[in-house]
Every structure is written in structure tokens, then in C-alpha cells.
Amino acid sequence: MEKTKKIFSDYDPCAALFITVNNLIAYGDTVGTAKDHKELQSLSSRQKMALFVIEAATRRIPEGVPLSSVARVMNIPRPSASQLIETLVKKNLVSRTTNPENHRSVLITLTGLGRGQTREIVRTVDGKLRQLQEGLSRKEVAIFEKVILHCFSRKNDVLR
């Protein structure tokens, strides 16, 4: 523990957060593999991220999330997002439907298989994140979550 404090002193929280988040993502990959989800084993990190984005978005918009929104949140070009979604459709993890309000637009939702697998990994990783937050007050956890959400909302502007 003392060595870790020397490597990641107070002036380098960005590196520590980046490494922690990447470790959580890697842990999520391990969980998928350990549970013998063949579909998840064959997915790239970008494909898994797309599943997480779609799962989060469809909590608020159950009828589906526009492909353009998936591309924007992931900070990838729309053609790349389209190819990504095509791969997930072939794996029966997502489905596409024409947007009834704009026939040029496509709405993306998780299939039952995609929803189940994504939620299981999210639940497991969320449990580990909560373990990391042990010892923090509710107020500190709320501040941490507010900061993370603020950074997330600004990421596309910063990454341009």
C-alpha cells in the first residue's frame, strides 16, 4: 500500500483514476469469460462499450437509442458505429428498428440476450466500484459521482 501511495501521490489523481477504471473494465471482461458467455468472449472492448452505452440509454428511452447518439457518446464516426452495430446484430445482442418519427433514422435496442449479459457484467463491476468507495461518506460518494458525470458530459467537447 505504501509503495502505491508513492507512485500515485496526490498530484496525479488522473492516472490513478484511469488505471482504476481500466482495471474495472478488465475485471468486467474477466467476469464475462469466467461465466462462460461465449458471445461476450468474442466481443472487442469497443463492442462491449457499445452494449453498455445502449443499455444505459434504453433505461431512459426504452423504444431505442438513435445510432447517431451511440456514435456521439462513444466519440466514433457514424459509419464506424454502424459497422459496430451490424456486428452486434449478427451476434443477436442488439436489434435495429426504423425510427417511426424519422424514417431515415435507426433505433437500437438490446435483445434479451444482450440485455442479460450486459446487466450481469454491469452489476458485478458496480459491486466492485462500491467496494472501492467503502470508507467514503454518502456525501463524498455523491460528489465523486457528480464529478464523474460532469467529466463524462464534457468528454466529447474535450476530445475533438
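## Accessibility and the model

A residue is called buried when its relative accessible area is under 20% and exposed when it is over 50%, with partly exposed residues in between. The structure described here is a predicted model, and this report takes up its three-stranded sheet and two asparagines in loops beside helix H6.

## Two asparagines with positive phi

Asn75 lies in the loop that leads from helix H5 (67–74) to helix H6 (78–90), and its relative accessible area of 35% places Asn75 in the partly exposed class because that class covers the range between the buried and exposed limits. The backbone at Asn75 has a phi near 60 degrees, a positive value in a residue other than glycine. Most residues other than glycine have a negative phi.

Asn92 belongs to the loop between H6 and strand S2 (94–99). Its phi is likewise positive, near 60 degrees, in a residue other than glycine, and with a relative accessibility of 44% Asn92 also counts as partly exposed.

## The sheet and its order

Three strands make up an open sheet, arranged in the order S1-S3-S2 with antiparallel pairing. Strand S1 (65–66) and S2 are the edge strands, each of which pairs on one side only. Helix H6 packs on this sheet, where H6 touches both S2 and S3, and the direction of H6 makes about 120 degrees with that of S2.

## Pairing between the strands

S2 and strand S3, the latter formed by residues 102–110, run antiparallel and are joined by six bridges. Two of the residue pairings can be followed directly in the structure: Val94 stands opposite Leu110 in S3, while Arg96 has Ile108 of S3 as its bridge partner. The connection from S2 to S3 is a hairpin that passes through two residues.

On the other side of the sheet order, S1 pairs with S3, again in the antiparallel sense, and this pairing is made over two bridges. Within it, Pro66 stands opposite Leu107 in S3.

## Reading the region together

Followed along the chain, the loop holding Asn75 comes between H5 and H6, and the loop holding Asn92 comes between H6 and S2. The helix that borders both of these loops, H6, is in turn the one that packs on the sheet by touching S2 and S3, and S2 is then connected to S3 by the hairpin.

Definitions and conventions
Residues numbered from 1 in each chain as written. Predicted model: local features only at pLDDT ≥ 70, side-chain atom pairs only at ≥ 80, totals over all residues. Heavy atoms only, no water. Helix = DSSP H or I, 4+ residues; strand = E, 2+ residues; numbered from the N terminus. Buried < 20%, exposed > 50% of the residue type's maximum accessible area, 1.4 Å probe, protein only. Pairing = 2+ DSSP bridges. Contact = heavy atoms within 4.5 Å. Axes fitted to C-alpha atoms, helices over the stretch in contact; angles between N-to-C directions.
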